[in-house]
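Here is a walk through one protein chain, starting from a loop residue and ending with the enclosed and open spaces. Please keep the structure in view while reading.

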Amino acid sequence: MTSARTTSSRSRSATRDKLFQAAVTLIAEQGFSSTTVEEIAERAGVAKGTVYYNFASKTELFEELLRHGVELLTADLRQAAGRAEERGGSRVDALDAMVRAGLVFIDHYPAFTQLYVAELWRTGRAWNDTLLMVRQEAVAVVESVLRAGVAEGELSEEIDIQLTAAALVGMVLVAALDWKAFQPERSLEDVHAALSLLLQGRVAGHPR
């Protein structure tokens, strides 16, 4: 019984992942209103009824898509900071590790990132509250590292923690989108090195 439930759970999770990937690609290409459930099902390789079995509506699918994507990013940021700390790195090292983790995430999910940034500027959407909530969860990971750095004397007490955290997350998102759209010939390591210099100079107060 337990084995059957585990298999069923994995199967549903795999189906939802396929629906997420199909939806984010289509909506990034042609917009939410122009994307139909039929198109999402066709792109995912499932029946239309499967979409409604997993999600009550296209709006719910999109809301869960945003939540799922940002939660993945948040987990990656948290893990990157944790690994930096385990290696005995500084708080700035942790921030730098998160910058790289953000770039890796965007490199893997460019369509989602494009969609996420676009939705941040839109108002009156059914999922605005969800979007703001999950965004804050991602920014809060950066805030915690900044706060620790200030408390330990590594970073200046003059830093506006909330705004700086939002600026760092925004820097990675916008720089990565520019990289993908206008400078695709550059490597991830090259882009990370450029942002790392900016981080070291502005947040740490000096280049290494």
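**From a buried loop residue to the cavities**

Thr-35 lies in the loop between helix 1 and helix 2 (37-44); helices (H or I, at least four residues) and strands (E, at least two) are DSSP runs, numbered from the N terminus. The model is a predicted one, in which local features need pLDDT of at least 70 and side-chain atom pairs count only at pLDDT 80 or more, while totals for chains, interfaces and linings use all residues. Residues are numbered from 1 along each chain as its sequence is written, and side-chain values use heavy atoms, with hydrogens and water left out.

At 1% relative accessibility, Thr-35 counts as buried (buried means under 20% relative accessible area, exposed over 50%, partly exposed in between, with a 1.4 Å probe and protein chains only). The side chain of Thr-35 makes a polar contact of 3.4 Å with the side chain of Gln-30. A polar contact is a pair of N or O atoms within 3.5 Å; within protein, one must be able to donate a hydrogen and the other to accept it, and residues adjacent in sequence count only if both atoms are side-chain atoms. Not counting residues up to four places away in sequence, Thr-35 touches Leu-26, Ile-27, Gln-30, Ile-40 and Lys-58, where contact means heavy atoms within 4.5 Å.

A second buried residue is Asn-54, with a relative accessible area of 6%. Asn-54 is found in helix 3 (residues 48-54). A polar atom of its side chain lies 2.8 Å from the backbone oxygen of Thr-50. Leaving aside neighbours within four places in sequence, Asn-54 is in contact with Arg-12, Thr-15, Arg-16, Leu-19 and Glu-60.

Two UniProt annotations cover this part of the chain. The unreviewed entry lists "domain: HTH tetR-type" at residues 13-73 and places the feature "DNA-binding region" at residues 36-55. UniProt positions are given in the numbering used here, feature names are shortened, and annotations may be inferred rather than shown by experiment. Residues 13-73 are 80% helix and 0% strand, and the end C-alpha atoms of that span lie 18 Å apart. For residues 36-55 the figures are 75% helix and 0% strand, with the end C-alpha atoms 14 Å apart.

Next come the spaces. On a 1 Å grid over the protein atoms alone, a cavity is a set of points where a 1.4 Å probe fits but cannot get out, and a pocket is an open set with protein on both sides within 12 Å along at least five of seven lines; lining residues have an atom within 4 Å of a point. Grid points are joined across faces, edges and corners, and a volume is the space filled by probe spheres set on the points.

How many cavities of 30 Å³ or more does the structure hold? There are two. The largest cavity contains about 150 Å³ of space. Its lining includes Leu-73, Leu-77, Met-98, Ile-106, Val-142 and Leu-173. Helix 4 (58-86), helix 5 (91-108) and helix 8 (161-182) are the elements that give two or more residues to this lining, and helix 5 gives the most, with five residues. By class, the lining of the largest cavity has 11 nonpolar residues, one polar and no charged; Ala, Val, Leu, Ile, Met, Phe, Trp, Tyr, Cys and Pro count as nonpolar, Asp, Glu, Lys and Arg as charged, and the others, Gly among them, as polar.

The second largest cavity holds about 30 Å³. Val-70, Leu-73, Tyr-116, Arg-135, Ala-138, Val-139 and Val-169 line the second largest cavity. Helix 7 (128-151) and helix 4 each supply at least two of these residues, and the largest share, three residues, comes from helix 7. The lining has six nonpolar residues, no polar and one charged.

Among the open spaces, the largest pocket has about 260 Å³. Its lining includes Tyr-116, Trp-121, Arg-135, Val-139, Val-169 and Gly-170. Helix 8 gives the most to the lining of the largest pocket, with five residues. The second largest pocket has about 200 Å³. Of the 15 residues that line the second largest pocket, Phe-20, Gln-21, Val-24, Tyr-109 and Phe-112 are the closest to its centre. Helix 1 (2-30) supplies the largest share of that lining, five residues.
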